[in-house]
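Thank you for making the time this morning. Please have a look at the chain on the screen before I begin, and keep it open while I talk.

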Amino acid sequence: MVDTNQARRLVIMGTGGTIAGRAAQVADNVGYVAAQVGVADLVAAIPALAGPGLEVEQVAQVDSKDMGLAVWQALTRRLVFHLERPEVAAVVVTHGTDTLEETAFVLQRVLQPAKPVVLTCAMRPASALVPDGPQNLSDAVAVARQTREGGVFVVCAGQVHGALEVAKVHTYRLDAFDSGEAGPIACVEEGWVRRFRVETPASGGVARDEPMLSRFLAAPDLPRVELVTSHADAGGDLVRALVAQEDSGASRPLRGIVVAGTGNGSVHEALIAALNEAQARGVQVVLSSRCAQGRVVPHEGLAFDHSAGLAPVKARLALALELLGR
Ligand code: SIN
């Protein structure tokens with residue numbers, strides 16, 4: 001099989017994470033510092049990637065637990081620039097695993113890229129005796145070269161996930177990501193991508209919302225949306241404290257709350273009462289589920305608007321992006 005994409009240019013952008021982490025001991029896979037090694041060095045450590053047609057750019061160097069709007073804006077600006085270059089076929093982004101699914105979601109929503117944007121990561125630092133980063137990065141490059149459709153993809157441990165479904169599900173295992181019931185889009189076998197499904201919710205040529213992209217790039221902050229969880233013995237104090245902050249004027253205005261409900265979007269009655277009070281004050285409430293699988297199936301009697309299948313952290317971002325436009 002001939003890979004006709006070999007000649008097209010690829011950009012690899014670094015943002016930090018464990019893939020760029022370093023520990024004092026090669027045997028230490030947990031006591032490392034993330035975001036230490038430059039992306040140029042990560043690429044140079046993989047001889048098979050050497051050669052023309054590949055560009056490398058360091059956009060940020062952060063532990064992704066600290067990810068936020070400033071890095072997303074910088075990354076989005078550089079992605080817009082590179083994706084508009086006709087000679088660039090795709091962009092690979094190295095990223096920490098901890099908030100990878102949030103960055104993937106934001107990029108998918110604001111960019112709707114017509115070319116592949118492939119995020120990859122590692123669970124072990126670059127200094128590990130047996131690091132997983134080089135294989136993940138090689139696989140991400142293979143996906144970038146062999147994928148024709150646009151969209152944001154996540155590559156980890158030989159699997160290719162879609163931005164809307166992917167979630168980190170394990171604290172330590174190398175295959176830390178899962179796409180729930182949707183399953184992965186593809187796998188990478190010895191450098192070749194094998195598709196399991198052609199259509200992904202992220203694909204399908206949805207036109208980019210240019211005004212939303214402009215608002216996102218110009219925003220000093222994302223609208224404040226907090227995440228609360230319903231659980232046994234829950235109460236309304238946390239939500240009431242958030243709303244009370246408004247009155248003190250001490251913080252950014254609270255615009256929304258995503259509640260991670262139990263099961264099919266049920267919420268403790270004490271929490272519902274406080275959320276209703278918040279909603280009456282103009283705070284938008286969206287209901288998601290704390291269950292790792294499934295979605296809130298709409299039915300009469302749902303306490304609040306539902307998240308259309310998005311997990312709580314993604315529902316939070318979806319609401320913040322929506323509120324940017326209001
Ligand atoms: C991070 O998310 O930046 C650190 C953890 C990881 O990449 O696994």
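I will go through the pockets and then the nonpolar cores of this chain, which is a predicted model.

Let me begin with the largest pocket, for which the computed volume is about 880 Å³. Its lining is made up of 38 residues, and those that lie nearest its centre are Leu164, Gly294, Gly309, Leu310 and Ala311. If we ask which elements each supply at least two residues of that lining, they are helix H3 (100-111), strand E7 (167-168), strand E13 (284-289) and helix H8 (312-324), and H8 gives the most, with seven residues. Sorted by class, the lining of this largest pocket has 18 nonpolar residues, together with ten polar and ten charged ones.

Where does the largest pocket lie with respect to domain 1 and domain 2? Residues of domain 1 (9-195) and of domain 2 (222-323) both take part in its lining, and the largest pocket therefore lies between them.

The second largest pocket has a volume of about 270 Å³. It is lined by 18 residues, and Met67, Gly68, Trp72, Leu222 and Arg316 are the closest to its centre. Two or more of its lining residues come from each of helix H2 (69-84), strand E11 (224-229) and H8, with the largest share, four residues, coming from E11. By class, this second lining has nine nonpolar, two polar and seven charged residues, and at least three of its residues are drawn from each of domain 1 (9-195) and domain 2 (222-323).

I turn now to the packing. In soluble globular proteins, nonpolar side chains tend to be buried together. Here, the largest nonpolar core has 52 residues, of which Leu79, Leu119, Phe216 and Leu222 touch the most other members. H8 gives the most to this core, with eight residues, and the core draws at least three residues from each of domain 1 (9-195) and domain 2 (222-323).

Leu119 deserves a closer look. Setting aside neighbours within four places in sequence, Leu119 is in contact with Val93, Leu100, Thr103, Ala104 and Leu107, and also with Val152, Phe153, Val154 and Val155. There is, in addition, a second, separate core of 27 residues, which includes Leu54, Ala90, Val118 and Ala144.

To draw two of these threads together, H8 gives the most residues to the lining of the largest pocket, and H8 also gives the most to the largest nonpolar core.

Methods:
Residues numbered from 1 in each chain as written. Predicted model: local features only at pLDDT ≥ 70, side-chain atom pairs only at ≥ 80, totals over all residues. Heavy atoms only, no water. 1 Å grid on protein atoms, 1.4 Å probe; cavity = no way out; pocket = protein on both sides within 12 Å on 5 of 7 lines; lining within 4 Å. Points joined across faces, edges and corners; volume = space filled by probe spheres on them. Nonpolar A, V, L, I, M, F, W, Y, C, P; charged D, E, K, R; others polar. Domains from an automatic or database assignment. Core = buried A, V, L, I, M, F, W, Y, C linked by side-chain atoms within 4.5 Å. Buried < 20%, exposed > 50% of the residue type's maximum accessible area, 1.4 Å probe, protein only. Contact = heavy atoms within 4.5 Å.
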